[in-house]
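Trainee: Could you walk me through this one? I'd like to know why each label gets used, rather than just learn the labels.

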Amino acid sequence: MIPNDTHIQSDKGTSLWEDAWIKLRKNRLALIGLSLLIFLCIMSLLTPWIAPYGYEEQDLLMGATPPSAQHWLGTDIFGRDMLTRIMWGGRVSLMVGFIATAVALAIGVIYGAVAGYVGGRVDAAMMRLVDILYALPFMIFIILLMVVFGRNLLLLFFAIGAVEWLTMARIVRGQVMSLRKQEFVEAAHSLGLSQWIIIRRHIIPNTLGPVIVYTTLTIPSVMLLEAFLSFLGLGIQPPQSSWGLLINYGVETMEEYPWLLIFPGIALSLTLFALNFLGDGLRDALDPRTSKD
Amino acid sequence: MTFHFKGCNDQHQTSLSNFSLKVILAFGVLLGLAGCGSPETNVEEGNRTGVLHWGNGTEPQSLDPHIATGVPEHHIIMALMEGLMHKDSDTLGPTPGVAESWTVSDDGRVYTFKLRDNARWSNGDEHNAHDFVWSWWRALQPALGNLYAYMYFPILNAREYYRGDITDFSKVGVKALDDLTLQVTLNNPTPYFLQLLDHYSMYPVHKGTVEKFGAPDERGTRWTYAGNLVGNGPFKLATWEINRAIEVERNTFYWGNDDVKLNKIIFYPTENLTTEERMFRAGQLHYTNEVPIDKVETYRAANDPALKLTPYLGTYYYRINVNEPHLQDKRVRRALGMTIDRQQITEHVTKAGQLPAYAMTPPNTRGYYPPVGLSFDPEGARQLLAEAGYPNGEGFPTTEILYNTNEGHRKVAVAIQQMWREHLNIDVKLLNQEWKVYLDSESNGDYQISRAGWIGDYVDPNNFLDMFICNGGNNRTGWCNEEYDRLVLDVAPRAKTHDARMAIFTQAEQMLMDDMPVLPIYTYTTKHLVHPSVKNLSENILDQQSYRELYLEGSQD
């Protein structure tokens, strides 16, 4: 994607992405994380066909039962199969995690890069806007959005993304400000490259490290935010569920029926571990400063 | 920090899990409240200083007795104000309140109350019969939007005045004969009239305060705020922190102040039952408003004396908005009612000894047994739904069940949602709202099906049936039947004997259940956790505690 000739520091003729892939393959933990994520995504995609029961099928007479041969992860108080519910919940949670984070990423990186690169009054104005939005309780903002546009799952994802980009914008801005004064950027300037190309080819790739780390932190936090909103009646509603909600319900009965908390908890933690390992690996792999070794 | 946790741990021999819970609570839920900040827990400190820590379930909608309609509001208003009468907390029979004594005329229509001369408002003002006349006049102003206005209808001409048929309030049957004598004339002898007088909708309000903050019939003025509110009850409002706590403290002007034992009551609006139960275990509450469904069994298995389960004169039901196009047809409503398996809900979802309800009035309300209006019959229900134009649920619009945020309500709704899906093949969604928002949505008819509960205000079937009169403030379903109104409002009060009166109620309830604007689900049980130091707690079917009589005993001595 990025032509070789602009990759100033490399003499091997491989692009940044090729480099990254080679390095990532050497990182076992990151590969485990990646495969786990791919596995979870595939499971979620296939849930409607492979889930052992319907997610809303109740058996009140049976009620909450511990794991057994029929129900590998037990059943909840309505006698619903937990494995099925965790699989369906994963669809919602992964979706909100990826969509909301992607929205936050797109807005935050572009906004922060522009502010940091242009600097001066534009930067001051843009950052004051961020400050104001920070001061605004995000809950009110999301609730307002939901009230105005109605309760729609996709909208909820975007709404969460739209409030999560602020920190991202600040991180990127800080990075960009320090990068902008570096020699290779000056060199690109003197070669007559346009501002946009400099931002795209030199600045953004150099900010990827912190951005990726922060992204892996954003995904779990939006998953939990979704659970919170759903609990208030603004997100998804029963009988649908998500990991966050399952955990929320599990906490209510953790002394009586611990498996209702443990299994969704494991599902969420595994995802977070996978994301963290992958994020770590990607940061090392993508950092242009470590590319010559 | 280390010191104070050590202090906590030393004082009670808490198990490790309790201890860690306390740490979590101290940091999280109760940050800022007097929790483990001192070496004592709330309960221990309260036992020493006479402060009762009371779980109240939710933030009250209003503390104006002529506007409030809910049980959480009732618990607080009862501490702040009182009516002419009280109820004996065991027998529920009438005992003197502001009225010292009373006489009833031979025909049972004229009540003459002698008010006590030492009754005072909490600011020291004189409290007399004119306060009642003015307060009842206020409660009947249509602009006030008093949803309980129909409680006054037994009084001569009250209904006519409320409707605007007459405009002269002096024609209404309430008169102050002199400063301390109040005469009330009724339309008919009303066997439950004295009980009504202990209901907050008939409490007096302080004229000077109400008028200081707005017109008498203006809703939501600041007169009920802490610092403003003047009441005549055993306690006065000290502070009101939204979603935190409401504190009431001893009212030294109260006529019975010498007998009041508590110095202060703190009401906590804890909507989350799990949190409330943990607060109780951590010694933050003396009394919980509820017990989480799944904890009932745990406490029962451990034979814990803190768990109090008592029959409750109340019906848990679903309201149907009969103005919704697809819910206008009574066959649809009946089909919905016939596919709720109440036995399963009470045995496997609510699990605290509730009884399946097949009619609005709880059985044995003053000797009244309601007619059995419906049964669990999925086959018949499907047929009815098909007749109404939705064979096998086809074309039936997605319907929403509204409930106020609470785990218990959610569980019942989830079970019913699935029953309807399974038996009728219709799509049902759930929507939860915070208490105040939920009450507004319901009153404004902004819902399709909504969770509701009706708790007896007094022990008489009338209380469960007269709320469904046309446009009654607590009807909220849009259902209206002139013949029903006539039976409940005109025929029943004139009945000569108890049996004849009950027979009329049976007939009326039959009509209600036939049209089914409401789906009764179960008869309530109250579930509380009560700390053993709380004494004189009464167990009655109205779940009414008399704060004047409660006292705390140090658990250590």
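Mentor: Sure, and let's start with a pair of strands. In chain B, strand β11 (residues 307-320) and strand β16 (residues 518-529) run antiparallel and are joined by 10 bridges. Keep in mind that this is a predicted model.

Trainee: What makes β11(B) and β16(B) count as a pair?

Mentor: Two strands pair if DSSP finds at least two bridges between them. Here there are 10 bridges, in the antiparallel sense. To put your finger on a spot, look for Tyr317(B), which stands opposite Pro520(B) in β16(B).

Trainee: Which residue does Tyr317(B) stand opposite in β15(B)?

Mentor: That's Ala452(B). Strand β15 (residues 449-455) of chain B is joined to β11(B) by seven bridges, and those two run antiparallel.

Trainee: In what order do the six strands of that open sheet come?

Mentor: The order is β12-β16-β11-β15-β13-β14 in chain B, with mixed pairing.

Trainee: Why are β12 and β14 of chain B said to stand at the edges?

Mentor: Each has a single partner strand, so β12 (355-356) and β14 both have one side without a neighbour in the sheet.

Trainee: How do you know that the pairing in this sheet is mixed?

Mentor: Set two pairs beside each other. β11(B) and β15(B) run antiparallel, while β13(B) (residues 399-404) and β14(B) run parallel, joined by six bridges. In that parallel pair, Ile401(B) has Leu430(B) in β14(B) as its bridge partner.

Trainee: And what holds paired strands together in general?

Mentor: Strands in a sheet pair through backbone hydrogen bonds, in a parallel or an antiparallel way.

Trainee: What is the order of the open sheet of four strands in chain B?

Mentor: That one goes β1-β10-β9-β8, again with mixed pairing. The edge strands are β1 (51-55) and β8 (235-241) of chain B, each pairing on one side only. From one strand to the next, the twist averages 20°. Within this sheet, β8(B) pairs with β9 (residues 245-250) of chain B over six bridges, in the antiparallel sense. There you can find Leu237(B) opposite Val248(B) in β9(B).

Trainee: Now the helices. Why are α17(B) and α18(B) called roughly antiparallel?

Mentor: Check the angle. The axes of α17 (residues 482-494) and α18 (residues 498-515) of chain B cross at roughly 165° and come within 9 Å. Angles over 145 degrees count as roughly antiparallel, and therefore α17(B) and α18(B) get that name. Their crossing is left-handed.

Trainee: Which residues meet between α17(B) and α18(B)?

Mentor: From α17(B), they include Leu487(B), Val488(B) and Val491(B). On the α18(B) side, Ile504(B), Phe505(B) and Leu512(B) are among them.

Trainee: Why does Glu40(B) count as partly exposed?

Mentor: Count its neighbours: Glu40(B) has 19 C-beta neighbours inside 10 Å. A residue is buried at 20 or more and exposed at 12 or fewer, with partly exposed in between. So Glu40(B), at 19, counts as partly exposed. You'll find Glu40(B) in the loop between α2 (16-27) and α3 (42-49) of chain B.

Trainee: What about chain A? How many helices and strands does it have?

Mentor: Chain A has 10 helices and zero strands. Of its 293 residues, 40% are buried. Its C-alpha trace spans about 75 × 45 × 30 Å along the principal axes.

Trainee: Which parts of chain A does UniProt list as "transmembrane region"?

Mentor: The unreviewed entry lists several, including residues 154-172 and 257-279. Residues 154-172 of chain A are 100% helix, with the end C-alpha atoms 27 Å apart. Residues 257-279 of chain A are 91% helix, with the ends 34 Å apart.

Trainee: How many residues does each chain bring to the contact?

Mentor: Chain B brings 20 residues and chain A brings 16. On the side of chain B that touches chain A, α14(B) gives the most, with seven residues.

Trainee: And which annotation covers residues 94-474 of chain B?

Mentor: According to UniProt's unreviewed entry, that's "domain: Solute-binding protein family". Over those residues chain B is 27% helix and 20% strand.

Key: Residues numbered from 1 in each chain as written. Chains lettered and ligands numbered in written order. Predicted model: local features only at pLDDT ≥ 70, side-chain atom pairs only at ≥ 80, totals over all residues. UniProt positions renumbered as here; feature names shortened; annotations may be inferred. Axes fitted to C-alpha atoms, helices over the stretch in contact; angles between N-to-C directions. Parallel < 35°, antiparallel > 145°, perpendicular 65-115°, else oblique. Left-handed = near helix turned anticlockwise from the far one by under 90°. Contact = placed C-beta atoms within 7 Å.
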